[in-house]
Amino acid sequence: MTVGGDPSARTIEQAGPAAPDVTAAAAELMAGLAATPWGQVSPSVYETGRLVALAPWLVGHTRRLGFLLAAQRPDGGWGGPGGYAVVPTLSATDALLAELRRSGDDHGRTDLARAADRGLAALSRLADELDGRTMPDMPAADLIAAALVESIDRALAGPVPGVAGGPAGGRPRTPRGLDGTKRLSAVRALLSVGAAPPEKLLHALEAVGGDARGVPAARPGPTGIVGASPAATAAWLGGEAPVPEDPARRFLEMVVEQHGGPVPCGLPITVFERAWVITTLVRAGIGVTVPPTVLSSLRQALDPVGTPAGEGLPADADTTAGALYALGLLGLPFGLDGLEPYRMEKHFCTWQGEDGFSVSTNAHVLEAFGQYLVRHPDSPPRIAEVVPGLAALVRDHQRADGSWHDRWHASPYYATACCVLALGRFGGDRARATVRRAVRWLLATQRADGSWGRWEGTAEETAYATQVLLLVGPGDGACRAAAARGYAYLVRTGDSGGDGPALWHDKDLYRPTAIVRAAVLAAVRLARRDPGVMALVREDTAIGG
């Protein structure tokens, strides 16, 4: 299925500095969605550490150890800044200790011992510096932290070759407010009597340790996937290598092959990736040919209970709304029944039994309902009333500086783009002031090199900001000048999604590379089709700016 596109795109693409051919790059991206149906996701320190500890028999073990050593920071930790380092540092340290205990007194493992000692020291510092208020909202972080502190404590109860035990000595600690010991005990108690844990916890089944082995509720199907997680799958298998024909083993071997050893923390993400990529490209006016298998997966969202991001995960409102909106942008019919299970009194939950609240999920639901009303303006009140209600909800969650923050991404630029793009199209007159505040925030936070970013300038965050300015901004000189600087940064860095920091929330920070690449391509296309932006780019280039 081929959709849309700007008929003058080829002319426009020649107007700026050398950069990827957007039309060709988008076609390649769409082909990649079909060719890599489980998704394209960066490797995770946390998940890779779990495979080192749980499945040393799995192909690529030595490369996983090398990945952990290479990923350790100068301060001894792993992962992102601040609280984002806790879970990956616990996992990597525990994995190295497990490997050292297996290998015995082998003087050839001094690199592992040194890294483990530095990891223990980093954990002590993190426990002193952080508390529950400064910890990011990551899935199952309290359960994972409690389980890994237990495991490290057991490892340090006896001698570990070459490891001194860290400056604090004895039991490692986690930041105040992150102690999930009671909740972990409750989950283990459920499993001990044969009860099924909440479906969402299967994604972090490895947190319960040996109790995860063979859990009936997690039994994988023909594809061998447990909880859309390599670590959960390895934990379900237990410590022994299954026969080569075992579906779970085949799943792990296929995931390992993607990065040559290291593994991502969530796979597959099939529907989520496809919905986001298609929406981003089509919204920017980039013509796409959607392969039949990709289109078929989006139609899963028409199920009355919605659709999950990928096999092994529970259905959720965010993926369902994204898939429905993508179908609408493609001009295909769709219904809204799949979102009904998530309708609460004043908002939509991401999944049933959700502990928190996601403003970006509600922004995506707003888009799905808004797009439906475009095609069905005479819909009954139960549908029509959702749009103004969600628009008000999203407006009310804007921060004083004009931005939004959300639980599924580390950067406010992602949450702000989700909310402003939804309000800009479906928020009505009352959203105009909200959009203006968001635009002012974007203009005020652009970096000197033309980029945007929470910790540093990145192509991903710059793409979100540029899209907002050009899709819903007022079109004035300030917006065009900022967009021109953002476009020049994207061209200059040459980043189309493959490189850059992980910013998305899962058990560890991750980078969905196809989704990020689509965001960058969309920003480039929007800039190139705006004559005012391109005139500023040419002028800046001419004077050597």
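Colleague: Which residues lie nearest the centre of the largest cavity?

Modeller: In this predicted model, the structure holds 5 cavities of 30 Å³ or more, and the largest cavity encloses about 250 Å³ of space. Its lining draws at least two residues from each of α11 (270-283), α13, α14, α17 (412-426), α19 (459-471) and α21 (513-528). The lining counts 18 residues, and those nearest the centre are W276, T280, R283, H364 and C418.

Colleague: Turning to the largest pocket, which residues are the closest to its centre?

Modeller: About 840 Å³ of space lies in the largest pocket, and 35 residues line it, the closest to its centre being P139, W351, W408, H505 and D506.
The elements that give two or more residues to that lining are α7, α13 (317-329) and β3 (504-505). To end on the names asked for, the residues closest to the centre are P139, W351, W408, H505 and D506.

Colleague: How far apart are the end C-alpha atoms of helix α7, and why does that agree with its number of residues?

Modeller: Helix α7 runs over residues 141-156 and so has 16 residues. Because the expected span is 1.5 Å times one less than the number of residues, α7 should span 22 Å. The distance between its end C-alpha atoms agrees with that expectation, at 22 Å.

Colleague: How many of the residues of α7 are buried, and which elements cover them?

Modeller: The buried residues of α7 include A141, D142, L143 and I144, and also S151, I152 and A155. L156, which is found in helix α7, counts as partly exposed because its relative accessibility is 21%, whereas buried means under 20%. The helix is mostly covered, with 12 of its 16 residues buried, and what covers them includes α3 (45-54), α5 (86-103), α6 (110-129) and α8 (181-192).

Colleague: Why is α5 described as largely enclosed by the rest of the structure?

Modeller: The 18 residues of α5 should span 26 Å at 1.5 Å a residue, and the end C-alpha atoms are 26 Å apart, which agrees. The enclosure is a separate matter, and it follows from burial, because the number of buried residues among the 18 of α5 is 15.

Colleague: Why does C349 form no disulfide?

Modeller: A disulfide requires a pair of cysteine sulfur atoms within 2.5 Å, and by this rule the count comes to 0 disulfides. C479 is likewise in no disulfide, since the nearest cysteine sulfur, that of C419, is 18 Å away, and C479 counts as buried at 1% relative accessibility. C349 is buried as well, with a relative accessible area of 5%. For C349 the closest cysteine sulfur, also in C419, is too far for a bond, at 17 Å.

Colleague: Is R64 buried or exposed, and which backbone oxygen does its side chain reach?

Modeller: R64 lies in helix α4 (residues 61-71), and at 0% relative accessibility it counts as buried. Not counting residues up to four places away in sequence, R64 touches T48, L51, V52, A55, L58, V59, V256, G261 and P262. At 3.0 Å, the side chain of R64 reaches the backbone oxygen of V59.

Colleague: Which backbone oxygen lies 2.6 Å from a polar atom of the side chain of S379?

Modeller: S379 is placed in the loop between α14 (359-375) and α15 (381-384), where it is buried with a relative accessible area of 14%. Leaving aside neighbours within four places in sequence, S379 is in contact with Y372, L373 and A384. The backbone oxygen that lies 2.6 Å from a polar atom of its side chain is that of H376.

Colleague: What is the phi of A140, and where does that residue lie?

Modeller: A140 lies in the loop between α6 and α7 and is buried, with a relative accessible area of 14%. A228, in the loop between α8 and α9 (230-237), has a positive phi of about 50 degrees although it is not a glycine. A140 is not a glycine either, and its phi is positive, at about 60 degrees.

Colleague: Which residues does the cis peptide bond with an omega of about 5 degrees join?

Modeller: One of the partners, P268, is found in the loop between α10 (247-259) and α11. The omega of about 5 degrees belongs to the cis peptide bond that joins L267 and P268.

Conventions: Residues numbered from 1 in each chain as written. Predicted model: local features only at pLDDT ≥ 70, side-chain atom pairs only at ≥ 80, totals over all residues. Heavy atoms only, no water. Helix = DSSP H or I, 4+ residues; strand = E, 2+ residues; numbered from the N terminus. Buried < 20%, exposed > 50% of the residue type's maximum accessible area, 1.4 Å probe, protein only. Contact = heavy atoms within 4.5 Å. Polar contact = N/O pair within 3.5 Å; in protein donor to acceptor, adjacent residues only side chain to side chain. 1 Å grid on protein atoms, 1.4 Å probe; cavity = no way out; pocket = protein on both sides within 12 Å on 5 of 7 lines; lining within 4 Å. Points joined across faces, edges and corners; volume = space filled by probe spheres on them.
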